[in-house]
Amino acid sequence: PYLAFMAEFRIGQMLLASLVARKKQQYGALLIGNGFNAPFVNKDINFAHGNMYLLKRKLGVFPWSGSTIFEALSMHRSDLVLAISDEAKEALSLYYHVNTKRIKVLHNCVDDKMFYPMYKQNATNVTVLFVGRLEETKGFKVILEFAKYIENKDNIKMKIATPSVKNIGYFRNLKNTTVE
């Protein structure tokens, strides 16, 4: 409780997450990270859904600021890094110098032997699922454009699962789109 004030700052959040994770790890917990969120603790596994370096370069900003440095540190402090693509693996190796022997590719973190689109011969209805944050860098504009496009379609629905309330208001009055 005496460190709660740190949660108001990004680096404070990373420090607190690392402290809590380290405490759990002392009791034998398997520690799984995601990107730069707990860079100050060793992790058993860390997911890499891309990287901040390439995102910042694409946005035209200095790539070696804040979150990029913490992400690189976090990846180096992980026994195993699960990358979502061969490109993500290559970028982690090239820009963060993570040993490729510690990086395994798990395409989109989905086992495509178990989860795959099913063809239904006479299907008349389609449901599109989007899971993720509704942010510019995650394709928010495309998702919103698609939601507006299907609004006048009787056979297409979209379901969105998102971890925050950011931008959900744009979908509030759309009858073919639901947000959870």
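**Close-up views of a predicted model**

**View 1. V98 and the residues around it.** Leaving aside its neighbours within four places in sequence, V98 is in contact with M75, H76, V81, L92, S93 and I103. Keep in mind that what you're looking at is a predicted model. V98 also belongs to the largest nonpolar core, a group of 18 residues. Which residues have the most contacts inside this core? They are M75, V81, L92, Y96, V98 and I103, so you'll spot several names from V98's own contact list again.

**View 2. Where the largest core gets its residues.** Now step back from V98 and look at the elements around this core. Those giving two or more residues to it are α2 (52-59), α3 (66-76), β3 (78-83) and α4 (86-96). Which of them supplies the largest share? That's α4, with 5 residues. Apart from this core lies another one, made of 12 residues, and L134, I143, M158 and I160 are among them.

**View 3. S85, in the loop before α4.** Here we zoom in on a single serine. S85 sits in the loop between β3 and α4. Is S85 buried or exposed? Buried means under 20% relative accessible area, and S85 comes in at 15% relative accessibility, so it counts as buried. If you skip the neighbours within four places in sequence, S85 is in contact with V105 and H107.

**View 4. The two sides of helix α5.** Helix α5 runs from residue 140 to residue 150, and its buried residues are F140, I143, L144, A147 and I150. Why do these five end up on the same side of α5? Because they cover an arc of only 130° around the axis. The spacing fits a simple rule: an α-helix has 3.6 residues a turn, so residues three or four places apart point the same way. Flip to the other side of α5 and you'll find K141, V142, E145, K148 and Y149, which are exposed. I143, one of the buried residues of α5, is also part of the core of 12 residues.

**View 5. What α5 rests against.** So what covers the buried residues of α5? The cover includes three strands: β5 (126-131), β6 (156-161) and β7 (177-179). The helix lies across β5, β6 and β7, and runs at about 150° to β6.

**View 6. The sheet of β5, β6 and β7.** These strands make an open sheet of 3 strands, in the order β5-β6-β7, with parallel pairing. Its edge strands are β5 and β7, each pairing on one side only. From one strand to the next, the twist averages 15°. Look between β6 and β7 and you'll find 3 bridges joining these parallel strands. K159, for example, has T178 in β7 as its bridge partner.

**View 7. The whole chain, for orientation.** Finally, zoom all the way out. The protein chain has 5 helices and 7 strands, and along the sequence they follow the pattern α-β-β-α-α-β-α-β-β-α-β-β. Its C-alpha atoms fill a box of roughly 50 × 40 × 40 Å along the principal axes. How much of the protein chain is made up of buried residues? They account for 33% of its 180 residues. The chain exposes about 12400 Å², with carbon and sulfur atoms supplying 58% of that area. And of the contacts with a separation of 6 or more, 48% are between residues 24 or more positions apart.

Technical notes: Residues numbered from 1 in each chain as written. Predicted model: local features only at pLDDT ≥ 70, side-chain atom pairs only at ≥ 80, totals over all residues. Heavy atoms only, no water. Buried < 20%, exposed > 50% of the residue type's maximum accessible area, 1.4 Å probe, protein only. Helix = DSSP H or I, 4+ residues; strand = E, 2+ residues; numbered from the N terminus. Arc of directions from axis to C-beta. Contact = heavy atoms within 4.5 Å. Pairing = 2+ DSSP bridges. Axes fitted to C-alpha atoms, helices over the stretch in contact; angles between N-to-C directions. Core = buried A, V, L, I, M, F, W, Y, C linked by side-chain atoms within 4.5 Å. Areas by Shrake-Rupley, 256 points an atom, 1.4 Å probe, with all protein chains shown as cover.
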